[in-house]
Amino acid sequence: MNDRTAAARWRWLRQHIKTLHNSEQEAEDKGTTWRFAGLVMAAIPALTAATYLLGMAYHYGYTLAFNLDYAEFSPPADYLLAFGLLSTLNMLKPWMWPVLGSIFTIFSVTITLLICPRWRIHLTWLWQSSMFYRWLIKRAKKIGRYPAPFLFRTLVWLGNNYNKFAFLFLAVLLPIWLALAFFLRGASEAQSQTTRLEQGKWPLTEAHSQSPLLGDEPHIRIACNGSHCAYRLKGGDTLILRFDQIEQTRYQPEKAASK
C-alpha cells in the first residue's frame with residue numbers, strides 16, 4: 001500500500017469518526033421487545049387456523065375424489081393440525097438447507113465483522129471508494145435536483161400501504177393459495193391410489209378389511225367416522241359399511257407381504 005492510499009484512508013477514517021461523533025444517537029425503543037412478543041402471540045391463533053385449513057383442504061380434496069361427503073368423514077381437529085404442519089414442513093424441505101445456509105452465512109459474517117474492526121473498516125472503505133457507490137451518490141444528487149412529484153407521491157403511497165398489502169397477502173391470500181394447493185394434492189393422491197388399485201398394483205401392506213360385503217378383492221380404506229368406514233372397490237364402486245359389518249382390519253407387514 002503506497003503512502004497516498006494510506007493518507008486517503010486515514011482522512012476518510014477521521015471524517016467517518018467525526019461524522020459518527022456529531023450524529024445524534026437514536027433513543028432506544030424500550031417497547032420493541034414487548035411489541036414483538038405481542039405480534040408473536042397474536043400470530044399464533046392465525047397460524048393455527050391456517051394449519052388446520054391446510055389439513056382440512058387436503059382431506060376435502062381426497063374424500064371428494066371418491067364422491068364422499070367430507071362432513072360425514074372429517075378427521076378430528078388434532079389430526080388435521082398435525083397433518084397440516086407436517087405436510088407444510090415436508091413441502092418446505094427442498095428450501096430448508098439453502099435458507100439455513102444463508103442464515104448461517106449472514107450470522108457468521110456479522111460475528112466476524114463485529115470482532116474484527118479492521119476488516120469492517122476495510123470493507124467500508126472499499127465500498128465507499130468504489131465506482132458503483134460514487135455512481136449511486138451522483139444519481140441520488142441528480143434525482144434530488146430534478147424531482148419527480150408523481151413518482152414521489154406514488155412511492156409515499158406505496159410506503160403507507162405496504163403493511164396493509166403485506167397483512168392482506170400473509171393473512172388471507174397466502175393461506176387460501178396454500179389451501180388450494182393442498183386440495184389439489186389430496187385429489188391427486190386419491191387419483192394415484194385409484195390408478196394403482198385398478199392396475200392391480202395396490203400394496204398388501206395397506207389396510208385390508210375382511211367382510212362378506214367386501215369379498216377378497218383389494219380395496220382402498222378411504223376414511224372412517226364414529227360408526228362407518230368407506231371403501232373404494234376395484235371397478236369404481238364406493239362402499240360404506242357399519243363397524244358391525246366388518247370382521248377385522250389388518251395391516252400386513254412388508255416381510256409377510258413379500259412372501
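**Exercise 1. Classify Phe-165 as buried, partly exposed or exposed, and place it in the fold.**

Step 1. In this predicted model, Phe-165 has a relative accessible area of 47%.
Step 2. Buried means under 20% and exposed means over 50%. Phe-165 is therefore partly exposed.
Step 3. The residue lies in helix H7.
Step 4. Phe-165 also contributes to a nonpolar surface patch of about 1100 Å². Other members include Leu-151, Trp-157, Phe-169, Val-172 and Ile-176.

**Exercise 2. Set out the elements of the protein in order from the N terminus.**

Step 1. Count the elements: the protein has eight helices and five strands.
Step 2. Read them from the N terminus on: α-α-α-α-α-α-α-β-β-β-β-β-α.
Step 3. Add the overall figures. Of the 259 residues, 19% count as buried. The accessible surface comes to about 20000 Å², and carbon and sulfur atoms own 65% of that area.
Step 4. Turn to contacts with a separation of 6 or more. Residues 24 or more positions apart account for 61% of them.

**Exercise 3. Work out the strand order of the three-stranded open sheet, and say which strands are at its edges.**

Step 1. The order is S2-S3-S4, and the pairing is antiparallel.
Step 2. Strand S2 (219-224) and strand S4 (238-242) each pair on one side only, which makes them the edge strands.
Step 3. On average, neighbouring strands of this sheet are turned by 30 degrees against each other, direction ignored.
Step 4. Recall the general rule: strands of a sheet pair through backbone hydrogen bonds, either parallel or antiparallel.

**Exercise 4. Trace how S2 connects to S3, and find what packs on the sheet.**

Step 1. Five bridges join S2 to strand S3 (residues 228-233), and the two run antiparallel.
Step 2. Pick out bridge partners. Cys-224 has Cys-229 in S3 as its partner. Ala-223 stands opposite Ala-230 in S3.
Step 3. Follow the chain between the strands: a hairpin joins S2 to S3 through three residues.
Step 4. Now add the helix. Helix H7 (residues 149-198) packs on the sheet and touches S2 and S3. The direction of H7 makes about 60 degrees with that of S3.

**Exercise 5. Find the salt bridges, and describe how each partner is covered.**

Step 1. The count comes to two salt bridges.
Step 2. Glu-198 forms a salt bridge with Arg-232; their closest N and O atoms are 3.0 Å apart. This pair links distant parts of the chain, with Glu-198 in helix H7 and Arg-232 in strand S3, 34 residues apart.
Step 3. Check the cover on each side. Glu-198 has a relative accessible area of 34%, so it is partly exposed. Arg-232 has 10%, so it is buried.
Step 4. Arg-242 forms a salt bridge with Asp-244, the closest N and O atoms being 3.1 Å apart. Arg-242, at 39% relative accessibility, counts as partly exposed. Asp-244, at 61%, is exposed.
Step 5. The general point: side chains of opposite charge can pair when their charged atoms come close.

**Exercise 6. Is His-59 buried or exposed, and which residues does it touch?**

Step 1. His-59 lies in helix H2 (residues 32-65).
Step 2. Its relative accessibility is 12%. The cut-off for buried is under 20%, so His-59 counts as buried.
Step 3. Leave out residues up to four places away in sequence. His-59 then touches Tyr-70, Pro-75, Tyr-79, Leu-80 and Phe-83.

Notes:
Residues numbered from 1 in each chain as written. Predicted model: local features only at pLDDT ≥ 70, side-chain atom pairs only at ≥ 80, totals over all residues. Heavy atoms only, no water. Pairing = 2+ DSSP bridges. Helix = DSSP H or I, 4+ residues; strand = E, 2+ residues; numbered from the N terminus. Axes fitted to C-alpha atoms, helices over the stretch in contact; angles between N-to-C directions. Contact = heavy atoms within 4.5 Å. Patch = residues over 30% accessible without salt bridge, like charges linked within 9 Å, V, L, I, M, F, W, Y side chains within 5 Å. Areas by Shrake-Rupley, 256 points an atom, 1.4 Å probe, with all protein chains shown as cover. Salt bridge = Lys/Arg side-chain N within 4 Å of Asp/Glu carboxyl O. Buried < 20%, exposed > 50% of the residue type's maximum accessible area, 1.4 Å probe, protein only.
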